[in-house]
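Reader: I am new to this structure and would like to know how its descriptive terms are earned. Could you take me through them with care?

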Amino acid sequence: GKKPKKTPIVFSFFCLVSMLLCCDNNLLRFFRHGLAPISTDYLQPSFDWLSIELYKGSVTQRDARFKGFDLATAIEIIEHLTPADVEHFSAVVFGYMRPGAVVISTPNSDFNPLLPGLSGFRDRDHKFEWSRAEFRSWALRVCSEYGYEVEFTGVGEALHGHHDSVGFCSQIGVFYRLTASYPPNTLGDDEDVFSYTLLYHINYPSLRDNNTLRRVLVSEVLYQAEQLKVRWIEENSGGRCLCQTSGGMKELYVTVPLSALWLHCPKIKKLSGSLVNLRHLLMDEPEVRLSEDGRTVLVKNQEEGTLSSNLIIKVVNLLPFFPCLQESF
């Protein structure tokens, strides 16, 4: 069989300029808000795992937790470092962390004459701004010392045919590790070092989590069953009807076969995997009322023009997020 896809592990440096040493509560709340899941992440969870951690530390310090990542990014970072710290950064990222790939961007000073009103560097905190030749020289030296290869690209093209002479506004180097064993760790590996402080950790909802899977599946089943019930009421005939009424109780119910739900909503089929598993997942769910044999969903039949308030909430909230439900009817 096919091997499961490996979930990539990504490490990103970002710069707060002078705020690195004064990360107050308001700033922390700002980053937490930006990293936290939004409503659609709960309504439409991914099948993949996503876990985000926010750390505080220096790019010149090593931390054993960050070794062996698939990808590390440093977007507009190195120009905020002194030349000595750039060397420390190179040794930490390429010599100690040794990710499979590294993406580094930095301003291209060749482009600066095209920026109106600019004198000096683009930011007062910049310690330097490299030309394309200077960036290329540094990148190739890093590759030679630590066993990587690099491709050059960038973002922000110049207008009016100036691109060939000045290049991109920001230049980017994409580094790829040549081998996992070369060169030896230049910073030593005698002990584990944990120099960064964990500030925030969040796990995004995932359909690989059984509770999340059940929640999404139950909402889908309730909504689809209600739609089939409404369709039955509108047709009000027994010919091709997928549902039937059940009057053996004090209240009238429409019975919706699980097989009908399976056929009419690909999302239910994808979430449950099989009709047998669908029945198993719904068996102990208090929100879903099944028949004694577990083959049908019992949906309360109200008088025309009225619906259960719980179902109205589910219809209003879920319909915009699940287009397949609209297409099925």
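**Salt bridges and the helices they join**

Author: R141 forms a salt bridge with E87, and the closest N and O atoms of the two are 3.0 Å apart. This pair links distant parts of the chain, with R141 in helix α4 (residues 132-146) and E87 in helix α3 (residues 83-97), 54 residues apart. Please keep in mind that this is a predicted model, in which local features need pLDDT of at least 70 and side-chain atom pairs count only at pLDDT 80 or more, while totals for chains, interfaces and linings use all residues. Residues are numbered from 1 along each chain as its sequence is written, and side-chain values use heavy atoms, with hydrogens and water left out.

Reader: Why is the contact of R141 with E87 called a salt bridge?

Author: The term stands for a side-chain nitrogen of Lys or Arg within 4 Å of a carboxyl oxygen of Asp or Glu. The closest N and O atoms of R141 and E87 are 3.0 Å apart, so the pair qualifies. E87, R141 and E145 are moreover linked in a network of salt bridges, and a search of the whole structure finds eight salt bridges.

Reader: How do you know that α3 and α4 are helices, and what makes a strand?

Author: Helices (H or I, at least four residues) and strands (E, at least two) are DSSP runs, numbered from the N terminus.

Reader: What makes D63 and R65 a salt bridge, and is each of them buried or partly exposed?

Author: The closest N and O atoms of D63 and R65 are 2.7 Å apart, and the pair is therefore a salt bridge. As for accessibility, buried means under 20% relative accessible area, exposed over 50%, and partly exposed in between (1.4 Å probe, protein chains only). D63 has a relative accessible area of 1% and is therefore buried, whereas R65, with 32%, is partly exposed.

Reader: How do K127 and D125 fare by the terms for a salt bridge and for burial?

Author: The side chains of K127 and D125 meet in a salt bridge at 3.6 Å, N to O. K127 has 39% relative accessibility and so counts as partly exposed, while D125, at 18%, counts as buried.

**One helix in detail**

Reader: How do you know that the span of α4 agrees with what is expected of its 15 residues?

Author: The expected span of a helix is 1.5 Å times one less than its number of residues. For the 15 residues of α4 this should give 21 Å, and because its end C-alpha atoms are 21 Å apart, the two values agree.

Reader: Which residues of α4 are buried, and what puts them on the same side?

Author: In α4, the buried residues are F135, W138, A139, V142, C143 and Y146. They cover an arc of only 135 degrees around the axis (the arc is that of the directions from the helix axis to the C-beta atoms), which is why they lie on the same side of α4. The face turned away from this buried side carries the exposed residues A133 and S144. The buried residues of α4 pack against α3, β4, β5 and β6 (170-177), where contact means heavy atoms within 4.5 Å.

**A buried serine and its partner**

Reader: Why is S105 called buried, and what joins its side chain to that of E76?

Author: S105 is found in strand β4 (residues 101-107), and its relative accessible area of 4% is the reason why S105 is called buried. A polar contact of 2.7 Å joins the side chains of S105 and E76. A polar contact is a pair of N or O atoms within 3.5 Å; within protein, one must be able to donate a hydrogen and the other to accept it, and residues adjacent in sequence count only if both atoms are side-chain atoms.

Reader: What makes the phi of E76 worth a remark?

Author: Most residues other than glycine have a negative phi. E76 has a positive phi of about 55 degrees although it is not a glycine, and its place is in the loop between β3 (71-75) and α3. With a relative accessible area of 24%, E76 is partly exposed.
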